[in-house]
Amino acid sequence: MANASQYLEEGAGQWPPRPPGPYSEAQRLALEELVAGGPEALRAFLRRERLPPFLSEPEVQAIARGAVPPAAAEEAAAEASLDASSLTYFPERSDAEPPALELGWPGFGSGAFRGLTRVEAHFQPGAGDSPYGCKEAVRRQIRSARQMIALVMDSFTDTDIFTDLLEACSQRQVKAYILLDQSSFSHFLKMCKDLGVDLEQEKLMRVRNITGNTYYTRSGAKIVGKVHEKFMLIDGIRVTTGSYSFTWMDGKLNSSNILILSGPAVAHFDQEFRTLYAHSKPVNLKEFSSSKKNKVFDEL
């Protein structure tokens with residue numbers, strides 16, 4: 001392996017280090033060591049090359065646990081994928097067409113008027129008579145929808161909010177698109193099962209998986225990032241975004257905030273959702289459920 005110091009700018013091993021650019025060969029080599037040999041190999045590499053740590057301990061452990069070995073990575077890459085966001089020399093490619101927003105999408109042209117600019121801020125815990133300001137604001141937005149709800153979320157297990165979405169689809173014929181981080185999708189399915197909801201029977205709802213960027217090492221192993229974006233489009237004219245996740249703990253215990261935006265800013269979230277949807281992957285619910293059961297049995 002090449003000596004990392006060959007790739008560093010003069011003085012990069014000093015403290016404090018110079019601000020890193022968008023790409024660091026030294027960090028790439030360090031990640032190779034972490035994936036191949038674990039946390040101790042990473043620490044030894046940093047000491048040897050006199051590099052300051054750039055990963056926190058939780059990040060080190062997450063990458064070490066989450067790295068997919070070469071054989072499994074090659075198998076996954078053989079499947080149809082639209083992820084062209086790899087940070088490596090060999091990004092995934094696909095000739096498949098982007099998935100269609102088959103339920104329809106509000107027709108706003110470029111620069112179209114989306115209402116007056118307004119901003120509402122909500123916090124949780126809230127003050128006064130509204131201690132659950134974020135959750136209540138989210139539920140009001142869902143109940144106000146008349147055409148479409150488009151949601152991106154890292155984790156979605158709040159049964160009250162999901163019930164509101166189901167009612168919007170069944171009672172008002174609102175179309176719902178849901179993009180969930182791949183790592184938390186099993187918890188969403190467990191919530192659906194507990195509620196007796198069969199997603200395949202929800203004709204006005206589309207649920208798909210997304211991930212963050214994918215990083216391939218030279219050995220063929222890959223590291224898959226998570227989705228931390230959290231926003232919800234309502235009828236193409238309002239967006240709710242912030243730190244609030246659709247979980248019981250964020251609804252009752254954790255401190256969080258959201259902004260409800262209207263006006264020209266909504267167009268940026270409209271574009272971002274369609275971009276994420278084009279990179280998302282469908283989920284075979286029957287196969288997903290079966291694989292989860294097999295994994296549980298294997299662990300017993």
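**Close-up views of a predicted model**

**View 1. Just after helix α7, G196 takes a positive phi of about 75 degrees.** The model shown here and in the other views is predicted. Helix α7 itself covers residues 185-195. Which residues of α7 are buried? They are F185, F188, L189, M191 and C192. These residues sit on the same side of α7, because they cover an arc of only 155 degrees around the axis. The general rule helps here: an α-helix has 3.6 residues a turn, so residues three or four places apart point the same way. Now look at the other side of α7, where K193 and D194 are exposed.

**View 2. Helix α2 also has a buried side and an exposed one.** The helix spans residues 39-48. Its buried residues include A41 and L42. F45 and L46 are buried as well. Seen down the axis, the buried residues fall within an arc of 135 degrees, so they line one face of α2. What do they pack against? Their partners are α1, made of residues 25-37, and α3. The face turned away from the buried side carries E40, R47 and R48, which are exposed. Just after α2 comes R50, with a positive phi of about 55 degrees.

**View 3. L55 sits in the loop between α2 and α3.** Helix α3 follows this loop and runs over residues 57-66. Which residues does L55 touch, leaving out those up to four places away in sequence? The list is L31, L34, L42, V60 and I63. One of them, L42, is a buried residue of α2. Find Q27 too. L55 and Q27 lie 28 residues apart in sequence, yet their C-alpha atoms are 9.6 Å apart in space.

**View 4. Seven strands form an open sheet with mixed pairing.** Follow the order across the sheet: β1-β9-β8-β7-β2-β3-β4. Which strands are at the edges? They are β1 (118-124) and β4 (205-210), and each pairs on one side only. Neighbouring strands are turned against each other by 15 degrees on average, with direction ignored. Helix α9, residues 266-279, lies across several of these strands. Those strands are β2, β3, β4, β7, β8 and β9. Against β7, the helix runs at about 110 degrees.

**View 5. Strand β7 pairs with β8 and with β2.** Start with β8. Four bridges join β7 (residues 231-234) to β8 (residues 238-242), and the two run antiparallel. I234 has R238 as its bridge partner. M232 stands opposite T240. The two strands form a hairpin with three residues between them. In that turn, D235 has a positive phi of about 55 degrees. Now turn to β2, residues 148-153. β2 and β7 pair in the antiparallel sense, again over four bridges. Here V152 of β2 has F231 of β7 as its bridge partner.

**View 6. Both faces of β7 are covered.** In a regular strand the side chains alternate between the two faces of the sheet. Which residues of β7 lie on each side? F231 and L233 are on one side, while M232 and I234 are on the other. All four are buried.

**View 7. A search of the whole structure finds one cavity of 30 Å³ or more.** Rolling a probe the size of a water molecule over the atoms shows where empty space is left. How much space lies in the largest cavity? The value is about 50 Å³. Its lining includes M153, K230, F231, M232 and T240. T241, G242, Y244, F246 and I258 line the cavity too. β7 and β8 each supply at least two residues of the lining. β8 gives the most, with three residues.

**View 8. The whole protein chain holds ten helices and nine strands.** Place the close-ups back into this overall picture. What share of the 300 residues is buried? The figure is 41%. Contacts can also be sorted by distance along the chain. Among those between residues at least 6 apart in sequence, 72% join residues at least 24 apart.

Technical notes
Residues are numbered from 1 along each chain as its sequence is written. This is a predicted model: local features need pLDDT of at least 70, side-chain atom pairs count only at pLDDT 80 or more; totals for chains, interfaces and linings use all residues. Side-chain values use heavy atoms; hydrogens and water are left out. Two strands pair if DSSP finds at least two bridges between them. Axes are lines fitted to C-alpha atoms, for helices over the stretch in contact, and angles run from 0 to 180 degrees between N-to-C directions. Contact means heavy atoms within 4.5 Å. Buried means under 20% relative accessible area, exposed over 50%, partly exposed in between (1.4 Å probe, protein chains only). The arc is that of the directions from the helix axis to the C-beta atoms. On a 1 Å grid over the protein atoms alone, a cavity is a set of points where a 1.4 Å probe fits but cannot get out, and a pocket is an open set with protein on both sides within 12 Å along at least five of seven lines; lining residues have an atom within 4 Å of a point. Grid points are joined across faces, edges and corners, and a volume is the space filled by probe spheres set on the points.
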